[in-house]
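User: I should like to go through this model and ask on what grounds each description rests.

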Amino acid sequence: MLRVIGQRLALLIPTLLGLSILLFLWVRNLPGGPATALLGDKATPEAVARINEAYGFNKPIIEQYLSYMGKLLRGDFGVSLQTGRPVLEEFATRFPATVELTIVAVVFAVGVAIPLGYWAASHVGRWQDHASVGISLVGIVVPVFFLAFILKWLFAIKLPIFPTDGRQSPRIDATHITDFYVLDGLLTREWDASWDAFVHLILPGVALGTITLAIVARITRASVLEVQNADYVRTARAKGLNQKLIRNRFVLRNAMLPVATTIGLQLGLLISGAVLTETVFAFNGIGRFLRDAIFSLDYPVLQGFIIFIAIIYSLINLVVDVSYGIIDPRVRVQ
């Protein structure tokens, strides 16, 4: 297992190198430029030239790339053109918010999707199956931003059950240690602050997790159906084994491999795809920060965000691969 982990980490180096080259060329060929975006339409050529010179955007692209990579290898992602602060510092400030949101989205999606998919597979061809497939279809078809607006309008404005925006109510004077607001409230025993932060996560978490719910439910249904018809499951039934034992030991355990892969892939997509959800709910995470960076052509933030997400995505997939050996010992032997 350690050899596999080492191989995957080694493959990460050429992957990130290739990504950095493509990314750098793409960002530098975007229409307009950061100087024009910063100064607005009334920017004079002299002012644009001064900014390009200050940030080195007027140098040959190869020289810019080598300079960028030299800093990146030292852990320097550059400085945000919007805020003037180091990009890594901006990510560190906002990343806990996106992680909290992603955790709630995944818990909601997986907690509903696996029972829903298993329920559908257990009643294949009946109304329960059709209802499950219909719910999954709605989850895939409805755009996240539209669902986010509907949830906000219904459960925060018309029925004021949940807060409308932000990570915490202004009335809460909370102590922040890790910037994971729910965790901070638990660590400092400020229960009101922890609960308030958690309530702020529910609507955006549901909106963000809906597509994952639909996909995981469909994968679970298909995987359970396949395993249910396998020879070893039919043999177990023929021997008269307890149905609960067959379900837990033979069906669910073997059906979880493709489900685990899907969840792992969705984790990376959720983190990178939180842009719209965070915008609708004014959630101060890295997704909303990226949206602002796109509008202002903040080169260092755009480059740093994509490389940062690529590293996170690769590590998540590594964890998923390792989890195969835990779910199915045969994989560990191979």
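User: What area does the protein expose, and what share of it do carbon and sulfur atoms supply?

Analyst: The protein exposes about 18000 Å², and carbon and sulfur atoms supply 66% of this area. Accessible areas come from the Shrake-Rupley method with a 1.4 Å probe, and for residues only the protein chains shown count as cover. This is a predicted model, in which local features need pLDDT of at least 70, side-chain atom pairs count only at pLDDT 80 or more, and totals for chains, interfaces and linings use all residues. Residues are numbered from 1 along each chain as its sequence is written, and side-chain values use heavy atoms, with hydrogens and water left out.

User: Why is phenylalanine 57 called buried?

Analyst: Buried means under 20% relative accessible area (exposed is over 50%, partly exposed in between; 1.4 Å probe, protein chains only). Phenylalanine 57 has 16% relative accessibility, so it counts as buried.

User: Where is phenylalanine 57 placed, and which residues is it in contact with beyond its neighbours within four places in sequence?

Analyst: Phenylalanine 57 lies in the loop between helix H3 (45-55) and helix H4 (61-73); helices are DSSP runs of H or I with at least four residues, numbered from the N terminus. Leaving aside neighbours within four places in sequence, phenylalanine 57 is in contact (heavy atoms within 4.5 Å) with Arg28, Pro34, Asn52, Gln64, Leu81 and Tyr299.

User: What share of the 334 residues is buried?

Analyst: Buried residues make up 43% of the 334 residues.

Definitions and conventions. Helices (H or I, at least four residues) and strands (E, at least two) are DSSP runs, numbered from the N terminus.
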